[in-house]
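Visitor: I am new to this structure. Please give me a close look at a single part, the place where protein and DNA come together.

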There are 2 protein chains.
Amino acid sequence: MADKRTPSADPRRAPNIEDVARLAGVSTATVSRSLNSSGRVREATRKIVETAARELGYTPNFGGQALASNRTNTVGAIIPTMENAIFARAIQALQETLAEHKVTLLVATSQYRPDREEAQIRTLLARGVDGVVLIGNRRAPSAYALLNARGIPFVLLWSAPANSPFVTIGFDNFGAAHDLTTRILEKGHRRIGMISGLTADNDRAFDRVQGVSQALADHGLSLSPHDLVECRYSLKAGENAAMQLLGATQRPTAIICGNDVLAAGALRAARASGLTVPDDMSVIGFDDIELATAVFPPLATVRVPHRRMGVAAGEHLLRWMVQGERPPSLTLPTEFVERASLGVAK
Amino acid sequence: MADKRTPSADPRRAPNIEDVARLAGVSTATVSRSLNSSGRVREATRKIVETAARELGYTPNFGGQALASNRTNTVGAIIPTMENAIFARAIQALQETLAEHKVTLLVATSQYRPDREEAQIRTLLARGVDGVVLIGNRRAPSAYALLNARGIPFVLLWSAPANSPFVTIGFDNFGAAHDLTTRILEKGHRRIGMISGLTADNDRAFDRVQGVSQALADHGLSLSPHDLVECRYSLKAGENAAMQLLGATQRPTAIICGNDVLAAGALRAARASGLTVPDDMSVIGFDDIELATAVFPPLATVRVPHRRMGVAAGEHLLRWMVQGERPPSLTLPTEFVERASLGVAK
DNA sequence: ATGAAAGCGCTAACAC
DNA sequence: GTGTTAGCGCTTTCAT
């Protein structure tokens, strides 16, 4: 460990703003202004400073900058898991958008657990992030309180509640589920099962179940408790859930899944049961990740605007952070993608 | 934006160490020592300080802490992409390991581009990370120079070169590929094709090709240029590449793929060509991600110790950062996973 | 347009 | 075991 009390002796010591100022023959204030393009600096001066900085290989010290400016140029995002491609892609888009403005993204995961999410919010705040991105809109008031106490800009992704007091950027989970269910009903299906992610701490999953339920109700049908199985978002869990549904006396002719991973599991269950999709049974996913077309038959699913959500989250947050004005919420459209896993009911 | 020049007036101003010290009736040094459990502080005093800190909702200011201690308790990792589940999982394990020691992980992506990776290294260094994790061992000397100039601990994941001057934590890509190829040969296959990721900037992909090539040579065979197709790691690219191989006058009876995603693409190509796997052709993947068992038939593949690499990376880095001693390299085993996509040659 | 200088919040050396 | 205090590197106000 380098001894930081050895000013100019340590060759490993990173050059600081004073070194640059000295070499350029200006004050540290001018160096700061030049490099941050913040103030009025004569072009010639700026050039000299820039040259000096480059020559020394100067990089502003993050701590010093953060301390003095009270900004970190960092945004934190907390997603349920990195292992779901849909979040990975949204995060990627968010990161790219922020990077264009020299803002770094800090990614944390909650594993779908509210307590972990709140802990992660604390961690991010402790690190002085200038903005936060969260998934979903339903969480403990204490979580929102943390954010509000610091007055930090934050946006909620993946849902579009009607009258949220917060800035949301997402889509209508209820509506999308309602729509896809209606299309399934149009194919003549009447016995419909559903495999959902755990709805307790997941408003998106909850809303999707509600959407399916309502669409069925609109047609005089209902989603009874044994037509609905909740499980973790994993292939194996989806397979087990589907097995359970298929074991019923009246097995469903169509299974709606909370996401594509569960649907892939359902496909596997169908195969294991000797059922052909879509002839014997239809399977419908949600998300439209690459997996949806990797399996056979390819999954009918709902295309979620993951990339656009990521980009919009970045843009809205940046606007809020820089200009100080709270941006409006945004609702993006989804699209039902019809593929071979959905057939007409026999 | 709050005016930071208004000391005690702004109610939004976060409590600082001095506030805590005042409330606890001790000095700031004692507060620091208490909270960092670094020094000898009487237990009773520590209790008082802790209570005061909690009451005020005190969180150490990141910038101040970083500036004074010259540490950020942050580790940066640069992976090719978050969209490959194998990296996502390793990162998850790394994050968990680091979190146990209150170290935050900063994740960046390079999209398999060396220039981007170097830019990301710069970004991470500018943010004062205390350690760095990179994927692979082959990169421009300038990239290593950046790390060495700062004397920052860093480990290289995913490969296990024989005499690396750096700390590597990975597995033998060449050996794993050699092994799987030998097993395929044992099944009687003689016309073998390969779909690889782009080898130019990817030592793992390169080593795997070499391993396959060598195993074939060991049996008097060779991997001719038109038996090998390089492409991006995507399902569609894998499908196209497989189509190309299948279009040859002597189509291969087995296609070895650089990863499971490519293999899933090859399966799709086989189906599109009216070929049955494994009866008409075998397909072998690499990684053993969930996708490998989501497709049909399930993929024979190589299980990569992603989780163990992530954990080991965290442990080694922590040891290096804290104790200052450079840890040894580590080579982990892989395991060939036989599944239905590999059959005997006809 | 530029410089001087006052902090930002914290840690760690040193004194007691 | 605890207090005093000198910085860490930077931004920003206030002069000029």
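Guide: Let's begin with how the elements are named: helices (H or I, at least four residues) and strands (E, at least two) are DSSP runs, numbered from the N terminus. This is a predicted model, in which local features need pLDDT of at least 70 and side-chain atom pairs count only at pLDDT 80 or more, while totals for chains, interfaces and linings use all residues. Residues are numbered from 1 along each chain as its sequence is written, chains are lettered from A and ligands numbered from 1 in the order in which they are written, and side-chain values use heavy atoms, with hydrogens and water left out.

Now to DNA strand D. A residue is near a strand if one of its heavy atoms lies within 4 Å of it. There are 30 residues around DNA strand D, and A:I17, A:Y58, B:T30, B:R42 and B:T45 come nearest. Of the atoms of DNA strand D within 4 Å of the protein, 62% are from sugar and phosphate.

Both chains take part in this surface: α2 (28-36) and α4 (62-69) of chain A, and α2 (28-36) and α4 (62-69) of chain B, each supply at least two residues. By class, the surface has eleven nonpolar, 14 polar and five charged residues; here Ala, Val, Leu, Ile, Met, Phe, Trp, Tyr, Cys and Pro are nonpolar, Asp, Glu, Lys and Arg are charged, and the others, Gly among them, are polar.

Some individual atom pairs are worth finding, each a pair of N or O atoms within 3.5 Å. A polar side-chain atom of A:N36 lies 3.1 Å from a phosphate oxygen of DNA strand D, and the side chain of A:Q65 has an N or O atom 3.0 Å from a phosphate oxygen. B:R33 reaches a base instead: an N or O atom of its side chain is 2.8 Å from a base nitrogen.

How do the two chains relate? Superposed by least squares on the C-alpha atoms of residues with pLDDT of at least 70 in both, chain B falls on chain A after a rotation of 180° with 0.0 Å of shift along the axis (RMSD 0.1 Å). That is the relation of a two-fold axis. The C-alpha of B:G63 is the one in chain B nearest the axis, 2.1 Å away. With contact meaning heavy atoms within 4.5 Å, 98% of the interface residues of chain B are also interface residues in chain A, so the copies meet through the same surface.

How values were computed:
Polar contact = N/O pair within 3.5 Å; in protein donor to acceptor, adjacent residues only side chain to side chain.
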